[in-house]
Amino acid sequence: MKLFTKQVKGSITLSALIAGAAGALLLPATSAAAQETVVVADAGGAQAEALAAALYEPFEKESGIKVIADHTTAIGKAQAMSRSGNVVWDVFITGDTDVALATQNDILMPIDWNVVPKEGLSPEVAQTYAAPSSRYALVMTYNTNLIKDPPKSWAEWWDTTKYNCPRVMRNVPIDNLEAAVLSSGVPVDKVYPVDLKLAYEQLDKIQPKVVTFWDSGAQSVQLIADGSACLGTAWTSRVTAAEKAGQPVARVWNQAIVHQDYFTVMKGAKNPKAAMQLIAFAMRPEVQAKIASRLGTLPANPKAQDLIEPASLKYQPKPEDLSKTMLSNIGWWSTNMADAYKKYSGWLTK
Amino acid sequence: MLRKSSWLIAPCLAYMLVMYVTPALIMLYSPFQISVESGFTALGEALVEPSYQRVMMTTFRTALVVTVLAVLLGYPTAYYLSRLPSEKVGKYMLLIMFPLWTSLLVRTYAWIALLQDSGVINSTLMSANLISNPIRLLYNSGSVAIGMVQILLPYAIITMYSVMVGIKPRLSQTAQVLGASPTRAFWHIFLPLSLPGLSAACLLLFIMGLGFFVTPALLGGRRDMMVGTLIQQQVVLLGDWDSASLLSIMLLAATIILLFVYSRFARLENLVPASK
């Protein structure tokens, strides 16, 4: 859920476009020749700002194609568009779980790998229906004023004797089930298939300490920054934004659960050619490096890693950090998603 | 005369039909797309699903609590305003309407700023040495109720005021002339006459309360999940329109049943202030 959507510099929002279109109708004399456009759905917040500066603006300048950003990326909205036959989005930037669902629902168009350069990308991420954006992770977070000796594992995060203070977690099962299993001492390579019985036993143990379950990324860091909780979970891009804003929030890389963001193109998109061009532009190492530098994420193209701004390296995981993380298994999630959500909201409201 | 100009409402009706009724029907039809039987089977399963039942219970309990609180707070205010000369009411009404001009989201975040551990209330109490550790004011059903009551209160006051203002002061005065104490005159004359406004406010607030989404999601804890949040999760995160639709059907059915029950006891028109 995006509670706040921010108008991003250099890209115009849909409502502005509608207002503009209305204006153009009223003043036909001023309308110029039809300009090529591409509509991009992103997640808003920190991600949208990074994309606007590193991707949308330079792409507009080079190609002359106007980028219209819609900061409400959601699988439900994508499906609704697809069902109605009026596909407004061209590029749908989203996480790995949504890509799995969207592929199952057959609402995506294959990536034109003749236009989009595959060079440097690993085959797992250069998929038929998705081109890789950056990698992010769900990490343990802590309030730096309250915690001087941060937890080194989910087991320590779960340890209420060592850290006798409130926690916050997300209100959906994704990553929480993995964290719960890890907290019992299961090694990172043995997390899948998730032992649900074990996961819920662990969740039951920590539940009395959880002050609330966050719904939006903004909340996840806010709750830690204002001291409502001392330990929490958050997406890395949000932690980076909070750190840059000088908030007392920091992350732990150990046992972080790594996800991959993707560029996809909607089936029935009105500007598929422009969409492929935008994605091709986004694969350039310098563009990927700029996005990753702003968000503290990892670029998909290894060449981009060498171009990361030195000041931003501290927000990124180091190779030794990465070796302690685990990859979210989307295959497991795409078959277990609906049941897992039902069971989790049952547990949540118990 | 009235009949002849009834076409004036046609544009509004057409708008509502296209923009509200049709999409709502499409949404509600979703689970029955494959077959009517499978739709009803799914509805039956949704009705007995324990987590849905709990969220529904929370939703109804929260709506009931905030309705009672808002009406209790609103009734004396509406009573006071209805006894004022009409030229003095305007500025008070302006004050009551004022919160409605501020975004619901802003008001909800303002409650977080007030109630959080490092918030205004806790830091004031702590600096006054009244407490040594912050009191947990946020993320429980109490904070949800506080936030929702604040948002619903203007609706309660305005609905009750519109009925009370039509109750002639002379009636209570007559009762007192005939020997009733002011208290007795209130309980026997004013209160019964104000009941249509009271019941209308209760129903309006309860139905509005059932549909709350942002306030309970931001101010509540894990047990305070209301059906709006659950529907949002089903659509936005899971893309499961059928489950979202089933939950909407359950909520809509509950609302219709309530309206039906209400209509057995009072006139539905009372819900609308202008029709007194």
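So, the contact between the two chains: on the B side there are 25 residues, and they touch 24 residues of chain A. Keep in mind that this is a predicted model.

Which elements of chain B each supply at least two residues to the side that touches chain A? Those are α3, residues 50-82, and α11, residues 227-237. Of the elements in chain B, α11(B) gives the most to that side, with 6 residues. If you're wondering about chemistry, the side of chain B that touches chain A has 12 nonpolar residues, then 8 polar and 5 charged.

Okay, over to chain A on its own. Chain A is divided into two domains, and each one is written as two segments. Domain 1 takes 14-135 plus 260-315, while domain 2 takes 137-259 plus 318-348. Going by C-alpha atoms, the centres of those two domains in chain A are 28 Å apart.

Now, how do they meet? Within chain A, 15 residues of domain 1 are in contact with 15 residues of domain 2. On the domain 1 side, the elements giving two or more residues are α2, 45-63, and α4, 96-105, both of chain A. The largest share there comes from α4(A), with 5 residues. And the classes? That side of domain 1 has 8 polar residues, 5 nonpolar and 2 charged.

So if you have the structure open, here's what to click on. For the chain contact, go to α11(B), which gives the most to the chain B side. For the domain contact in chain A, go to α4(A), which has the largest share of the domain 1 side.

Note on methods. Residues are numbered from 1 along each chain as its sequence is written. Chains are lettered from A and ligands numbered from 1 in the order in which they are written. This is a predicted model: local features need pLDDT of at least 70, side-chain atom pairs count only at pLDDT 80 or more; totals for chains, interfaces and linings use all residues. Two residues are in contact if their C-beta atoms, placed from the backbone, lie within 7 Å. Helices (H or I, at least four residues) and strands (E, at least two) are DSSP runs, numbered from the N terminus. Ala, Val, Leu, Ile, Met, Phe, Trp, Tyr, Cys and Pro count as nonpolar, Asp, Glu, Lys and Arg as charged, and the others, Gly among them, as polar. Domain bounds come from an automatic or database domain assignment.
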